[in-house]
Amino acid sequence: MKRFLLLLSFLLSSTAIWAQKPVLSTPVAKQSDTDIIVEYTLQMEPGVSCDIALYLSCDGGRSYSKKALKQVSGDVGTVGQSGPKSIVWHVVDEEDALTGNNLVFKVNVERYWNTGASASRVEEGSEQKKTAPAVKPEKKAKLSGQKPAAQKKSSIMIAPVAGVYPDISYGIMAGWIGGKTGVYGKFRSNFINTGSNYDCTSDGMAGSGYIWTTGESKVAFMSFTAGAIFPLGRTIYPYFGFGYANRELAWQDTSKNWARVSDASISGIGLEAGLILRFGNFGIHSSVNLAGFKKLDADAGLALFF
């Protein structure tokens, strides 16, 4: 009889010490601006706490990431009460997580314990393999104007450039864009050489006399700038830079020689301010440039992102 009472006492105390495993409902994921919210319901006994983690599958649930998502907030980590819960995943802050096009989430009980017992039990790897409906990148693209995969990592930009005012010129712009900043370089020229033999001024004075012109003129232009790009969200990328600019105006005289018009020619520092509008892997850009702090010109073009 005494042994039976001791055994019954042990079983009753074990029931108080060892908590039952928490139960999770099937999580549901939804879009909220640049974040994804995963909602679930947690059921567990009073006095029980557990560690909650969120895992991601990019192939429809066939396999999950080995490590839990880190850029999360809400009801994740240590949770001490039952009821409706939600986890917010900050997508754009997570490195190398979004690499597929069929996203499924798993809320997992990493461990649980009875906080009211004198001794506690830890259950490692206690998983609730409940998956949420896939949150498709097309939905994120519709809300933000850009595929989410382009935001999680850096991009290389290649952009043809055309000078549109006051002279026609052509060139190329190339850059690297990260999550918060980027860099670029731009070259533009009309690929003209004036071949000037001497200088004159815009009033026709050359040396001690005046020149007679045929009315023919030409302009040689070349600029190189480099600077920083500042992504504002997923679509708007303003950029600013400086470099070197040269614009040479030449007149032809009656002897078929070319004279550089010195006071109408510019050579010096070039300043630039522009804007890129990105739409997925494509975009458009435009900028205003100040050559030698004297002459304004503008350019525009398309952009490709890789």
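Guide: Let's start with a term: buried means under 20% relative accessible area, exposed means over 50%, and partly exposed is in between (1.4 Å probe, protein chains only). Arg260, with a relative accessible area of 22%, is therefore partly exposed.

Visitor: What kind of model is this?

Guide: It's a predicted model, where local features need pLDDT of at least 70, side-chain atom pairs count only at pLDDT 80 or more, and totals for chains, interfaces and linings use all residues. Residues are numbered from 1 along each chain as its sequence is written, and side-chain values use heavy atoms, with hydrogens and water left out.

Visitor: What average pLDDT does the protein have?

Guide: pLDDT is the predictor's confidence in each residue, from 0 to 100. Here the average is 83, and 80% of the residues score at least 70. Over residues 117-152, though, pLDDT stays under 50. Where pLDDT is low, don't read the predicted coordinates in detail.

Visitor: How many salt bridges are there?

Guide: A salt bridge puts a side-chain nitrogen of Lys or Arg within 4 Å of a carboxyl oxygen of Asp or Glu. The count here is nine. Asp199 pairs with Arg260, their closest N and O atoms being 3.3 Å apart. Asp199 is in strand 12 (residues 198-200) and Arg260 in strand 17 (residues 258-261), so this pair ties together parts 61 residues apart in sequence. Strands are DSSP runs (E, at least two residues), numbered from the N terminus.

Visitor: Are Lys186 and Asp299 buried or exposed?

Guide: Both are buried. Their side chains meet in a salt bridge too (3.2 Å, N to O), and a network of salt bridges links them with Arg188, Glu272 and Asp297.

Terms used. Contact = heavy atoms within 4.5 Å. Helix = DSSP H or I, 4+ residues; strand = E, 2+ residues; numbered from the N terminus.
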